Amino acid sequence: MDLDDAYANGPHIPGGDAFPAQWAAKAKAFRAAVPGALNQPYGARAREVFDLFEPAGDALGTVVFVHGGYWRSTDKDLWTHLAAGPLARGWRVAMVDYDLCPDVTIPQITRQIAAAIGVIADRCAGPLRLTGHSAGGHLVARMLDPQVAGDWMKRVAGVVPISPLCDLEPFLRTSMNADFGLDAGTARAESPIHQPIPDAAVTVWVGGAERPAFLDQARWLGQAWNCPVVIDDGRHHFDIIAGLEDAESKLTQDVVGG
C-alpha cells in the first residue's frame, strides 16, 4: 500500500483545494464578530499561545480545541470559527497553537499541549473538555496518558478526538517522516492505542466518507480504549469538523457533554 496516498486527504475530496480559504474567511469573520482574549501565552515560544472566548453569562466550563495539519502545518487562526457551537452552549473555548515539525518533534508538541492545558486550567474554573481534529485528535488523546497529564486531569470531564491519528507506526513508512523524525520506539510511545485505558469519557468521531486509513485509525482507538466510535455518514476529513460551528449538532453536544 502507498501510505503517502492512504493518508492524503485533499486530492480525494471534491473541491478540496477550496477548503482552506473558506476556513480562513470564516475564522477571520468570527474573530471580528466575537471578542476574545487572543494570543495568550502559555510558554516563551512564539507559537505557545492560545485564544480564549467567553460565553454570555457564567461559563459552564472550558472546551480546549487543538487543530490538525499533520503536526507540520496550519495554526489556530484557521479554525477560530469552530468555537461557535460550544460557545453558544455556554462553554468557554480555548483554541491552542503549538510549534510544528520539523522545527520540533511530536513528543515536544505533546508536551506543549499539556503545558497549554495546565495554564488554561489555572486561569479557568470548572470542568475541562478536550477535542481536536486529525493530528489534534491525536494530541488530545495523548493528554489522557498518566505520564503526560498534569493535576488538571481530574477536571477533564470528556474527550472527543475527531478523525484522530492513534497509531503512528504507519507514518514510519511515509515521506512525511522526513519531517517527523519518528523511529519505532517514538512512534509507539506517541501512539494513544498503547496508552492505558483512560478513566475519562471518550467518544471518537470520524467521517463515513473519510479515507479508509482514517476510518481504521478511529476504530483502532475505539477498540483499544473500549470507547464509542461515531461514524458521521457522508462526512469527509475536511467537513467532519463543521458540526462544531452549530450549537445543535450532535458533534457539539458530544464535545460539551450533552
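## Pockets

A pocket here is an open set of grid points with protein on both sides within 12 Å along at least five of seven lines, and a residue lines it if one of its atoms is within 4 Å of a point. With that in hand, take the second largest pocket of this predicted model. Its lining is made up of L144, D145, P146, A149, M153, V156, P196, I197, P198, D199 and A200. Sort those by class and you get 9 nonpolar and 2 charged residues, with no polar ones. The space inside comes to about 150 Å³.

The largest pocket has a volume of about 400 Å³. It is lined by 22 residues, and the ones closest to its centre are N9, G69, Y70, S73 and F238. The mix of classes in this lining is 9 nonpolar, 10 polar and 3 charged. So polar residues do show up around the largest pocket, whereas the second largest pocket has none in its lining.

## Salt bridges

Next, the charged pairs. Side chains of opposite charge can pair when their charged atoms come close. The model holds 14 salt bridges. One of them joins the side chains of E54 and R92, at 2.9 Å from N to O. E54 sits in the loop between β2 (49-53) and β3 (62-66), while R92 belongs to strand β4 (residues 92-96), so this pair ties together parts that are 38 residues apart in sequence. What about burial? R92 has a relative accessibility of 10%, so R92 counts as buried. E54, at 42%, counts as partly exposed.

Another salt bridge brings together the side chains of D239 and R235, with 3.7 Å between N and O. Here the acidic partner is the buried one: D239 has a relative accessibility of 15%, under the 20% cut-off. R235, at 30%, counts as partly exposed.

Then there is the K250 and D254 pair, whose side chains meet at 2.8 Å, N to O. Both residues are in helix α9 (residues 250-256), and because they are 4 residues apart there, about one helical turn separates them. K250 is partly exposed, with a relative accessible area of 46%. Elsewhere, D51, K76 and D77 are joined into one network by salt bridges that share partners.

## Strand β7 and its neighbours

Which residues cover the two faces of strand β7 (residues 204-207)? V204 and V206 lie on one side, W205 and G207 on the other, and all of them are buried. In other words, both faces of this strand are covered.

β7 pairs with strand β8 (residues 229-232) in the parallel sense, over 4 bridges. Two of the facing positions can be picked out by name: W205 stands opposite V230 in β8, and V206 stands opposite I231 in β8. Bring in helix α8 (residues 212-225) and you have the whole motif: β7, α8 and β8 make a right-handed β-α-β unit.

Conventions
Residues numbered from 1 in each chain as written. Predicted model: local features only at pLDDT ≥ 70, side-chain atom pairs only at ≥ 80, totals over all residues. Heavy atoms only, no water. 1 Å grid on protein atoms, 1.4 Å probe; cavity = no way out; pocket = protein on both sides within 12 Å on 5 of 7 lines; lining within 4 Å. Points joined across faces, edges and corners; volume = space filled by probe spheres on them. Nonpolar A, V, L, I, M, F, W, Y, C, P; charged D, E, K, R; others polar. Salt bridge = Lys/Arg side-chain N within 4 Å of Asp/Glu carboxyl O. Buried < 20%, exposed > 50% of the residue type's maximum accessible area, 1.4 Å probe, protein only. Pairing = 2+ DSSP bridges. Right-handed = clockwise from strand over helix to strand, strands pointing away.
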